[in-house]
Amino acid sequence: MSQHADLIVTNAAVYTCDPAREWAEAFAVAGGDIIAVGSADEIRALATSETEVLDAGGRMVMPGLCDIHTHLGYGGSQIAFELLLAPTDTLDDILAKVRDRAAGLDPDEWIVGGTVASSIFSEVTKGGYLAAFDEASGGHPVILRDDSMHNRWVNSRALELIGVGADTPDPEDGTYVRDTDGALTGVLWEMASKVVEDAMTASIKNPEERLRVAYKTALRAVNSFGITAAQDAGTLDHGLRALAGLDDSGEMTAWVVGSMPSRTFFEEGTVGEELYAVGGSYRRTHVRPDFVKLFLDGVPMTRTSALLAPYICHGDHEDPDFKGEPYWSHDDLVATLERCYELGLGAKLHCTGDGSVRVALDAIETVRKALGDGPIFQIAHVINVHPDDVPRFAALNVVADASPYMWFPSVIIDITAEQVPREVVERSFPCKDLVNSGAMLAAGSDWPVVPVPNPWLGLETLVTRANPDPAVPGELAPAQRLSLPEAIAAFTRTPAKAMGLGDTTGTLRTGLSADFVVLNHNLFDIEPGRIHQTQVDSTYFQGAKVYESSAQ
């Protein structure tokens, strides 16, 4: 090979994630791409006096990780501007943090925070807590987001600003939750959340700059965990504009694939055909507005997931035959997926119930039969999938967009189990069955539904099906454990392919972008229960260092 290297990585245990050659000693980079992978001697021959040499000191080097489901704008905003709440915070902790935040704000400035554990939301939904919330807020309007990001808890001042009172009707596909006496609790379900989010957004003085800072902050955060490619799971026009601006100024440090909402989203912005029409104008080298986003249902905690079996009935106030309702009819969904073929766009379909998964697969089967194989279709989050539907993913070439940060014994699972039949919960996230069936299993964080977009937590739970915290006992469906190579694939080459980036990143092989991480230990030399302790020493994007640990 006549080409000389700008950078060589040597003295490394290089796990390539390339099935044709899983391990190597070194690789070479030129112009931001990998030009050779091989032995140390082979790669050293490509060096000149001007070549940078990265001696990995025997450490493990692997491809940059890919997060197929995240919300970069929300996550970055949370870090840069909002009140950070821990999932372990009690109600008293939350009120104390709100009180402290309120003390340092200008009059009428909003307090926005999250995420609040589902168990807390379950409690405040009963009512009786609004007065304490109002006292803590000191007259400021407050929005607190739950750990599904579908629901909000707001105080009386926020309700006043959005014009919601005792007799206000619920918005379409949303609920202003009331207690058994009919009094407002401050809890907002689903599309009721959009009403208050829009009011808060309208109060921001420079939303464009705020969003630019949010996305830049998010990119720094994901880079620190070794992530170099991400699919933003709900990207409106202003988000695409912010990302395009960052790319124009040379500030993008990851590949970002956008998912454009087909219908009204949780915040104000253009959606559907109008958004698809302008989305392409924001396309850049590192910004790919290549997917449509569809919500087929809500979340099980609020009984808005569409199930095949009835929800658990808690009394006469609930219908024992209630299964939830999908937000899309078969015909409407088919029409939208057919439109994806016409536009050359993939689709990410949010489905948290086994009923909505079946609706999605039925519609996909209809369009695949009529139009053949075509756009990439992803079903997120494969929480509940009926066993009969598992083989249909591979048969229909559908990506299983999994959320392995959520299923280990946790508050989300505990609250879900209060609403969803036990036998359904116990077969949650059938990852091994999906992989064995030949389906593409790709992992995503859904950050900031989870507090941090740390892929090493998710990777460990794919292997162990247990909470990384030893203080939280138990496992969820241990028969669904993946091997370590299968779990790594779910965070590298598979999501890259599922995002349409398979020819760009996800493996360390000749011709692909030089996106890689140097780790503090070899994943194959440690016990699976230590994977969450993995630290990224450095992250490289297109051959340039974009993160270095302070411990270096």
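The exercises below work through parts of a predicted model, each with a solution in steps.

**Exercise 1. The sheet**

State which strands form the open sheet of eight strands, and find its edges.

Solution. Step 1: the strand order is β8-β15-β16-β17-β18-β19-β20-β21, and the pairing is parallel. Step 2: β8 (65-70) and β21 (440-443) each pair on one side only, which makes them the edge strands. Step 3: on average, neighbouring strands of this sheet are turned by 25° against each other, direction ignored.

**Exercise 2. One edge of the sheet**

Describe how β8 pairs with β15.

Solution. Step 1: β15 covers residues 227-232, and its parallel pairing with β8 runs over four bridges. Step 2: opposite Thr70 stands Asp232 of β15.

**Exercise 3. A helix on the sheet**

Locate helix α12, check its length and list what its buried residues pack against.

Solution. Step 1: α12 (residues 354-371) packs on the sheet, where it touches β18 (346-351), β19 (377-381) and β20 (398-402). The direction of α12 makes about 180° with that of β19.

Step 2: the expected span of a helix is 1.5 Å times one less than its number of residues. For the 18 residues of α12 this gives 26 Å, and the end C-alpha atoms are 25 Å apart, so the two values agree.

Step 3: the buried residues of α12 include Val357, Val359, Leu361, Ile364 and Val367, and also Asp354 and Arg368. The buried residues of this helix pack against α11 (330-343), β18, β19, α13 (390-395), β20 and α15 (422-425).

Step 4: after α12 comes Gly372, with a positive phi near 80°.

**Exercise 4. Aromatic pairs**

Classify the ring pairs Trp255 with Phe541 and Phe265 with Phe295.

Solution. Step 1: a pair of aromatic rings is described by the distance of the centres and the angle of the planes. The whole structure holds 11 aromatic pairs.

Step 2: for Trp255 and Phe541 the ring centres are 5.5 Å apart and the planes stand at 70°, so this pair is edge-to-face. Trp255 belongs to strand β16 (residues 255-261) and Phe541 to strand β23 (residues 536-541), so that the pair links distant parts of the chain, 286 residues apart. Trp255 is buried, because its relative accessible area is 4%, and Phe541 is also buried, at 4% relative accessibility.

Step 3: for Phe265 and Phe295 the centres are 5.9 Å apart and the planes are at 40°, so this pair is tilted. Phe265 lies in the loop between β16 and α10 (272-279), and Phe295 in strand β17 (residues 287-295), so the pair ties together parts 30 residues apart in sequence. Phe265 is buried at 3% relative accessibility, and Phe295 is buried with a relative accessible area of 15%.

Step 4: Tyr15, Trp23 and Phe524 are linked by ring pairs into a cluster.

**Exercise 5. Charges over rings**

Find the ring over which the charged end of Arg210 sits, and the ring whose face Arg263 lies over.

Solution. Step 1: the charged end of Arg210 sits over the ring of Phe81, 4.2 Å from its centre. Step 2: Arg263 lies over the face of Trp328, 3.4 Å from the ring centre.

**Exercise 6. The surroundings of Leu159**

Is Leu159 buried or exposed, and which residues is it in contact with?

Solution. Step 1: Leu159 lies in helix α6 (residues 156-161). Step 2: the relative accessibility of Leu159 is 5%, so Leu159 counts as buried. Step 3: leaving aside neighbours within four places in sequence, Leu159 is in contact with Leu130, Val154, Val164, Leu184, Gly186 and Leu188. Step 4: Val425 lies 266 residues from Leu159 along the chain, and their C-alpha atoms are separated by 35 Å.

Technical notes. Residues are numbered from 1 along each chain as its sequence is written. This is a predicted model: local features need pLDDT of at least 70, side-chain atom pairs count only at pLDDT 80 or more; totals for chains, interfaces and linings use all residues. Side-chain values use heavy atoms; hydrogens and water are left out. Two strands pair if DSSP finds at least two bridges between them. Helices (H or I, at least four residues) and strands (E, at least two) are DSSP runs, numbered from the N terminus. Axes are lines fitted to C-alpha atoms, for helices over the stretch in contact, and angles run from 0 to 180 degrees between N-to-C directions. Contact means heavy atoms within 4.5 Å. Rings of Phe, Tyr and Trp (its six-membered ring) pair if their centres lie within 6.5 Å; planes under 30 degrees apart count as stacked, over 60 as edge-to-face and the rest as tilted. Buried means under 20% relative accessible area, exposed over 50%, partly exposed in between (1.4 Å probe, protein chains only). A charge sits over a ring if NZ of Lys or CZ of Arg is within 6 Å of the ring centre and within 35 degrees of the ring normal.
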